[in-house]
Each structure stands twice: as C-alpha cells, then as structure tokens.
Amino acid sequence: VDTAADRVQIGQLLDLLIADYQQQKRKSTYDLKRKVETQLRPFFGRKLASKLSTVDLKAFVAKRQVDKVSNGTINRELAALHRAL
C-alpha cells in the first residue's frame, strides 16, 4: 500500500526544517540554509525519504571527503539531514 508518507521527498523535509528554524528565530538559520542549499538538497533533495539508505549516506560522506571537507562539517551536515528526517 502506497501512502502519502512513502512519496515525501527529502527536499520537502529540508524545506520544513528551514521553516521551523525561521519560526523559532534560531540564530543558526543562515548556516542551516547554506548547508541545505549547497550540499544536502543537491545530493538528497529529489530522493524519497522512505528510500534513503546507508549506501546513500556513505556516498554523501565519500563525496564530501573528496571535497576535502572536515569530518566535523560532514557530521553537522548529516545532523541537519537527521533533524529533517
């Protein structure tokens, strides 16, 4: 049975996360938007949340490591994705 939850894209969840940060007037809203728009949305945005796998997460980490980004930055990006989910 295909439910509405099965059709939610990660990009939609990222939009909701940004809206939540704005509503809460969080100081980190700017940083979150930058992470979402430059890294998370391009990589995960069109993927169905119900189809996200460990393979996808490992591919993201590998890509960011190739970009020579620190592990701390990668962890913060993944934490934002986790919060959106």
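**Surface, fold and core of a four-helix model**

The protein exposes about 5800 Å², with carbon and sulfur atoms supplying 53% of it (Shrake-Rupley method, 1.4 Å probe). The model is a predicted one, in which local features need pLDDT of at least 70, side-chain atom pairs count only at pLDDT 80 or more, and totals for chains, interfaces and linings use all residues. Residues are numbered from 1 along each chain as its sequence is written, and side-chain values use heavy atoms, leaving out hydrogens and water.

A look at the fold comes next. The protein holds four helices and zero strands, in the order α-α-α-α from the N terminus (helices are DSSP runs of H or I, at least four residues; strands are runs of E, at least two). Its radius of gyration is 13 Å, close to the 12 Å that the globule rule gives for 85 residues, so the protein is as compact as a globular protein of that length (C-alpha atoms; the rule is 2.2 Å times the number of residues to the power 0.38).

Buried residues make up 28% of the 85 residues (buried means under 20% relative accessible area, 1.4 Å probe, protein chains only). The largest nonpolar core has 14 residues, and Leu14, Leu32, Val36, Leu40 and Phe44 have the most contacts inside it (a set of buried Ala, Val, Leu, Ile, Met, Phe, Trp, Tyr and Cys residues joined through side-chain atoms within 4.5 Å). Two or more residues of this core come from each of α1 (10–23), α2 (29–44) and α4 (71–84), and α1 gives the largest share, six residues.

Terms used: Buried means under 20% relative accessible area, exposed over 50%, partly exposed in between (1.4 Å probe, protein chains only).
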